[in-house]
Amino acid sequence: MKRTTTLRKRCGGIQSVSPGFATLPTAAPGIAADELERMVTGHGFKGGWINGHTRGRYLDDKFFRPILERADALRVPLCIHPTPPPAPVIEAYYAGFSPVVINGFSRHGWGWHIETAVHVLRLILSGAFDRYPDLQIVIGHLGEALPFMMPRLDKGLSVNVTKLNRPVADYLQENVYYTFSGFNFTPAFLNLYLQVGADRIMFSADYPYSSMAEARTFLDQLPVSTADKNKIAHGNAERLLRL
């Protein structure tokens, strides 16, 4: 598995000299962990790329622990990119419409984002970040609807319920980074900004699927301070990826 994905594409879109994130064969976690180490230590790559669930199995499954352990040991992030929900979920939640509506509903219009949010929450609720407190995850689309739900998550899934070391929102604020990924929507950005702060947000464009010019215009007009804009534009990526 030598294929790679540059940060300029879907998850990051970050303008960087980094060669990218390594695409990992998640169906074979031990091999995936070795591939991550090979690409990071041998080729200067900056993290691993996970394309959502693997045949309906999520990263909270003990099966995938070698990947999490290696990323934590290497101190590199994992990017979780949206993928369509498992077939039974599509059939239960998204079927019953024309093929074009089902495609948009289950993917780019809704399902991709909820699917990724569920993936992140499964990681948190499994205690993954209690086992690997320094592990960092990158997700796109201004947080896949998670920022809006943070207060509700803390209320409905309190520490008394989850038995985790910290509230759910703490993990979302300390173990997750968020990129634009073509979501050039000011209200959604402000919700994320208010929930996690400028230190957790990174510029991206989702190029070539979305316009780089539109992403740059959106960045330029953000209603934040120059210092925060500089963090979002490049500073946070430089810190996370040790550039």
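Reader: What percentage of the 243 residues in the chain is buried?

Author: The model is predicted: local features need pLDDT of at least 70, side-chain atom pairs count only at pLDDT 80 or more, and totals for chains, interfaces and linings use all residues. Residues are numbered from 1 along each chain as its sequence is written, and side-chain values use heavy atoms, with hydrogens and water left out. Buried means under 20% relative accessible area, exposed over 50%, partly exposed in between (1.4 Å probe, protein chains only). By that cut-off, the buried share of the chain is 50%.

Reader: Which residues of helix 7 are buried, and which exposed residues does the face turned away from them carry?

Author: Helices are DSSP runs of H or I with at least four residues, strands are E runs of at least two, and both are numbered from the N terminus. In helix 7 (residues 146-156), the buried residues are Leu146, Pro147, Met150 and Leu153. Down the helix axis they fall within an arc of 85 degrees (directions from the axis to the C-beta atoms), so they line one face of helix 7. The face turned away from the buried side carries the exposed residues Phe148, Arg152 and Lys155.

Reader: Which elements do the buried residues of helix 7 pack against?

Author: Contact means heavy atoms within 4.5 Å. The buried residues of helix 7 pack against two strands and three helices by name: strand 5 (137-139), strand 6 (176-179), helix 5 (111-125), helix 9 (168-174) and helix 10 (186-196).

Reader: What percentage of contacts between residues at least 6 apart in sequence join residues at least 24 apart?

Author: The count leaves aside pairs that are not at least 6 apart in sequence. Of the contacts in the chain that remain, the share joining residues at least 24 apart is 71%.
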